[in-house]
Amino acid sequence: MMYFARWKTLSILAVCLLGALLCLPNFFPKSELPSWARQFSLGLDLRGGSYLLLDVDLDAVVHERLEGLADGARTRLRQQTIGYLNLATDPAQRRLSLRVRDPAQAPMAVAQLRELANQIPTGIGTSTPDIEVASAPDGTVTATLTEAGLRAKATGAVEQSLEIVRRRIDETGVAEALIARQGQNRILVQLPGVEDPNRIKELLGKTARMTFHLLDESVSPTAATPPPGVMFLAGENRAGQTERYAVRRRVEVDGANLTDARAGQDGRSGEWVVNFTFDSLGTRRFADVTRANVGRPFAIVLDDKVITAPVIREPITGGRGQISGNFNAKSAADLAVLLRAGALPAPLTVVEERTVGPELGADAIRAGVMALAAGALFVFLYMGLAYGLFGWLANIALLVNIMLMLAALSVLQATLTLPGIAGIVLTLGTALDANILINERIREEVKNGRTPISALEAGFTKASGTIMDSNLTNLIAMACLYIFGSGTVKGFAVTVAIGTIVQMWTATTLVRLMVSWWYRARRPKELPVLEDGRGLLGRLARPMFRLVPDVTTIPFMRGARAGLMVSAVLSTLSVIGAFYPGLTKGVDFKGGITMEVRTPGTADLAALRSAVGALDLGDVGLQQFGDESTVLVRLPVQGNEGGTQAAVNAVRDAVEKVAPGTRILRTEAVGNRVSDELFRGGMIALGLSLVAMLFYIWFRFEWQFAIAAIVTLILDTTKTVGFMVLFGVEFNLTTVAAILTVIGFSANDKVVVFDRMRENLRKYKQMPLRQLVDLSINETLNRSLGTSMTLLLSAVPLALFGGDTLAGFAWVMLFGIVVSASSSVFIAAPIVLYTGRNRLRPGGEAAPKPAKAGAPVGI
C-alpha cells in the first residue's frame, strides 16, 4: 500500500539515522572515538602487512603421547619386575606394543598400562580413558589411542598453540595483530604493517620446548645407537663446534615451570645469556636435582638440541638460573621471548603466506576508490536519465544502501579488502535491479490504463515477489562462496550478501516511502514515466531514453534451435579447452610462490633471472609487471611447506644481492595441501550453488524451469571458463568469486523471465506456449537489458581502474554479464519451451481451436 502509518515512517527514518550514526565513526581516528563506536578495518591488501596460515602438526602430538606412554611403561614394568621384549611405538597406527616374557604376567602389564591413561571428561561426573589396552595369548600387550583421546589431544594442542602464538606476537610489539583458529588444526595470523615477517615466522616456527636432563656418562656419544632410556642429541660446545651428547630421556625439570626469562650479559665474561626464574614447583625440583647430582653435567635442551651442558658445581636452591651459549643480542632476546611465551605442544608450519607492502596497499586503495566513484557516477546517470524522477529517487536509496552496508560492516567489525570494494562496486549495479523491476512494472500499468495511485500500488506489489526470488538466488551463491571460500573471498561474499539484503529493503520500503511522499505532495494526474517532458526540469523528471521500445514483437523462439546448437558447440569447445591447453591456474590452486619486487632503478631482468635460476628451485618465471622497475617472480611448489618458506627467503636474498635496496611489494606462498584444499573448496562452492538454486527454483516454479535454469547456468559457466582459457585469465579464488557472481546474476535474470512466463501462463490460458514465451521475453526485455547495463557500468571501471589484482575478476564479470543476458533468451527459454510443450501448456504449441459461442474464455 502507498499509505504509511506514522510509526512505520518513523521506523524507516530511524533505521536510516541509525545507519548514519554507525557509519560515521569510520571517518574519525580510532583514538578520538568513544568505547561503543565500531569501525570496519582495512584488509592487509589495502594497508599492507602479512598474512600467515599456520598448520599444527598433530602427528607430532600423537608421537609425543606415545613416547610418553613408552617412558611410563618402562618405569612401571621395571618397578613391578615384569620382564618384556620389543617395546615399540607405531604413530601411524597410534599404538604402543610390547611382549611380556611370561604370558601369565600379561594381566599385570595391562593393569599397569591402564594406569597411564589420561581421563577425558565426557559429561558431568563421567570420563573415558584416552587409551585402550589389550593383550593377546602370546603375551603381546598393546595400548592404542582412542578417537576421543586423539580429538581431545588435538583440540588441546591447537588451543594451547593459539594462546602461545598470541603471546609470542604480543612480545614482538606488533599492534592490532589478528590471531584466530581456522578449521580443525590451523591458526590464522594477520600482521598489519609487517612487510618482512621472517623474524616472526622464525619465532612461530620454533616449538621452544625447553627441558633439563642429566647426561649419561657411561654411554659413549660415538656409539652407533643409544641404549634404552638414552638419546643422542647435537649441540655446540664453548668453541662453537658441533658436539654429540648422550642425554637421558627422563625429564628432570620441565621448562613449563618457568615464570620469566630475560636476555642479559654475564657480569664476568660479558657474553650474552638468558636469565630464567622458576615457579615454586620448578624451584623445588631444580633444587632436588642439583643437590643430588653435584659434579655431574646437566644439559639444557631446546627443541631436541643441547644449548649448553654445564657441570653442577653446587646445589641451586633459589629458583634462578642462567643459559649461556653462543648467543648474540638478537638470538638471546628471541630465546627469552620464546621461553616467556611458553612451549608449543607441537611444531607449527607456515602453509600459506601473503605479504603486501604499504606502497602496494596505497595503490590498491586509490584503484578501488576510483573504480567505486566511476561506477557510482555511471550508474547514477543511467538511472536518472533512463527512469526520470523515480530513477533519481532510486539513486537516493542507493546512497542510503551504501551507507547501511558500511554501517553493517562496522557493527560486524569486518575487514574490508580489495575484493570487498569490488563487492560494493557490484552492489551499485545489482542494487538497482529491484528499482528497475518496480519502474518497469509501474510503466506497464500506466500504459494499461491504470490510475496513478493504482499503477504505483500494482507496480510495487507485483514486483515484490520477483525481487525476492531473484535476490535469493544471488544470496545462495554468496552463501556457498562464504562457506567454502577462503580469506578475502569470504569478505567479498559478506559484502555482496549484506548489499543484497539491504537493497531489497531500500527498494521495496524506502523508495516506496519517498514515492508516497511525492504523490501526497503533488497529487499528479499522470505519473512521470513516459518520455514527453517539457523544458529541462521536465526532461529530468521523465525518462529521456529507452534501450528498446516498450512494445516489441521479436520472434526469439525462431532461433531456439540455433541458439541451443551454438551454445552447445561453444560450451563443448570450452570444456575441451579447460583440459587442453588447460586453465592457467593461479598460485591459489596449483601452489607455489609469487613475489612482486621493485628495484631502485630499471630492473635488470637478465641478472635477476640468472641469480634466481642459480638457486635450483625449478622452472622460475620472471616478467616485467607494470613499470620498468617492478618484476613478478613465479616459482613452482617446493615439495613441502618448509621448502616453500626456504625458497621465499632464498629468492629474497638473491634479489637483494643483484639489486641492493630492492623492496618486496607482495609475496604469495601457498603449499600443496592448502592449494588442494582451496581448489576443492572452490569446486564445491560452484557445485553446491548450482544444486541449491536447482531446488529453490524447482520449489518456487515448476521442474521445467529448474532444469532450464541449471542447464543454462552450467553452459554459462563453461563458456566463462572458455573465455578464461582463450585470454589466459588466471583461475584463482578471485575469479571463482567472479564466476559465482555471474551465476547469481544469471539465475537472477532467468528468474525474472520465468516469473513473467508463470504470470502469463495464468493470464493467457489459451495462448500457444511458443507465442507465450516470446511475449514474456519481449515484456521483460527492458528490465533485463537495464539490469545488465547497470552491472556493466559498475564493472567496467573495475576493469579499467581496479588494477592488476582485480583485472581478471572484472573481465570475467563483463563477459559473464553478456553471456548471461543472452542465455536467458536463447538457452533457458527454449529449454522451457521444449520440456514444457505438453505439461505447461497441454496440447503443445499448436494454436487452440476457436471457442464455441457462449463458452467461457480464460482471462
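This passage describes a three-stranded sheet with its packed helix, and then the internal cavities, of a predicted model.

The sheet is open and consists of three strands in the order β15-β16-β19, with antiparallel pairing. Its edges are formed by β15, which covers residues 258–265, and by β19, which covers residues 320–327, each of these strands pairing on one side only. From one strand to the next, the twist averages 25°. Strands of a sheet pair through backbone hydrogen bonds, in either a parallel or an antiparallel manner. Between β15 and β16, the latter comprising residues 272–278, the antiparallel pairing extends over seven bridges, and within this part of the sheet D260 has T277 in β16 as its bridge partner. Helix α8, made up of residues 329–341, packs on the sheet and touches β15, β16 and β19. The direction of α8 makes an angle of about 175° with that of β15.

Attention now turns to the interior space. Rolling a probe the size of a water molecule over the atoms shows where empty space is left. When the whole structure is searched, five cavities of 30 Å³ or more are found.

The largest cavity holds about 130 Å³ of space. It is lined by 13 residues, of which T430, N474, F745, N748 and L791 are the closest to its centre. Five helices each supply at least two residues of this lining, namely α10 (418–447), α11 (452–484), α12 (488–522), α20 (733–763) and α22 (781–801). Among the contributors to the lining of the largest cavity, α20 gives the most, with four residues. In terms of residue class, this lining has eight polar residues, four nonpolar residues and one charged residue.

The second largest cavity has a volume of about 100 Å³. Helices α10 and α20, which each supply at least two residues of the lining of the largest cavity, likewise each supply at least two residues of the lining of the second largest cavity. Here, however, α10 gives the most, with four residues. The residues lining the second largest cavity are L437, E440, R441, E444, T466, V752, D755, R756, E779, T780 and R783. By class, seven of these lining residues are charged, two are polar and two are nonpolar, whereas the lining of the largest cavity has one charged residue and eight polar ones.

Technical notes: Residues are numbered from 1 along each chain as its sequence is written. This is a predicted model: local features need pLDDT of at least 70, side-chain atom pairs count only at pLDDT 80 or more; totals for chains, interfaces and linings use all residues. Side-chain values use heavy atoms; hydrogens and water are left out. Two strands pair if DSSP finds at least two bridges between them. Axes are lines fitted to C-alpha atoms, for helices over the stretch in contact, and angles run from 0 to 180 degrees between N-to-C directions. Contact means heavy atoms within 4.5 Å. On a 1 Å grid over the protein atoms alone, a cavity is a set of points where a 1.4 Å probe fits but cannot get out, and a pocket is an open set with protein on both sides within 12 Å along at least five of seven lines; lining residues have an atom within 4 Å of a point. Grid points are joined across faces, edges and corners, and a volume is the space filled by probe spheres set on the points. Ala, Val, Leu, Ile, Met, Phe, Trp, Tyr, Cys and Pro count as nonpolar, Asp, Glu, Lys and Arg as charged, and the others, Gly among them, as polar.
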